[in-house]
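Trainee: I would like a close look at one part of this model, the charged side chains and how they pair. Please begin with a single residue and work outward from there.

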Amino acid sequence: MAYNKTEKFYSSNNILASEVGLVLKTKEGTQAMATAEDGHMIIKAGTVFPANDATAEGIVFEDVDITDDEKRPISVIIAGRVIEDRLPEEVAEDAKTALAASGVHFDKEVR
C-alpha cells in the first residue's frame, strides 16, 4: 500500500538587513518553541532562540515545520543584522542585551 502525504510550503519573511557579517549555527528546536498555523507546528523566522529573555542566544533564520518531530535541527543567527520590525514578536530588552553581546544587531525597516 502506498503512503502519500501532502506538503504545504511556507515562505519565510525576510528578516535580514544585510548578509555582511552573517553567522549561522545549527541548534536544536523543539515543538515548545512553535506556534500552531493551519494544522502545523511552525517555528517562525525571527523567533528569539531559545527564549525571549536574558538567555537569548540568537534569532531563528527561517520558518521550520516541526509538526512531525519533537526536536529538529534549525538555523540560528548568532551574529549579523536583522530588521526588528519584521520579527514575529517584540524582542525583550534583556534579550536584546544578550543578543548584542553575541553580535546580533537590530535595524529599523529598510526601504
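Trainee: What is the relative accessible area of aspartate 69?

Mentor: The relative accessible area of aspartate 69 is 24%, so this residue is partly exposed (buried is under 20%, exposed over 50%, partly exposed in between; 1.4 Å probe, protein chains only). The model is predicted, so local features need pLDDT of at least 70 and side-chain atom pairs pLDDT 80 or more, while totals for chains, interfaces and linings use all residues. Residues are numbered from 1 along each chain as its sequence is written, and side-chain values use heavy atoms, without hydrogens or water.

Aspartate 69 has a partner: it forms a salt bridge with arginine 72, and their closest N and O atoms are 2.2 Å apart (a side-chain nitrogen of Lys or Arg within 4 Å of a carboxyl oxygen of Asp or Glu). Arginine 72 is partly exposed as well, at 30% relative accessible area. In total, the structure holds nine salt bridges.

Another of these joins lysine 96 to glutamate 84, with 2.4 Å between the closest N and O atoms. Lysine 96 belongs to helix H1 (residues 93-102), whereas glutamate 84 sits in the loop between strand S7 (71-83) and H1, so the pair ties together parts twelve residues apart in sequence. Helices (H or I, at least four residues) and strands (E, at least two) are DSSP runs numbered from the N terminus. Both partners of this bridge count as buried: lysine 96 has a relative accessibility of 19%, and glutamate 84 has 16%. The pair also belongs to a network, in which salt bridges with shared partners join Glu84, Glu93, Lys96 and Lys108.

A further salt bridge links glutamate 37 and lysine 44, whose closest N and O atoms are 3.6 Å apart. Glutamate 37 counts as partly exposed at 25% relative accessibility, and lysine 44 also counts as partly exposed, at 24%.

Glutamate 37 leads to the sheet, since it lies in S2 (35-37), which is an edge strand and pairs on one side only. The sheet is open and has three strands in the order S2-S3-S6, with antiparallel pairing (two strands pair if DSSP finds at least two bridges between them). The other edge strand is S6 (64-65). Between S2 and strand S3 (residues 40-43), the antiparallel pairing runs over three bridges. Within that pairing, alanine 36 stands opposite methionine 41 of S3.
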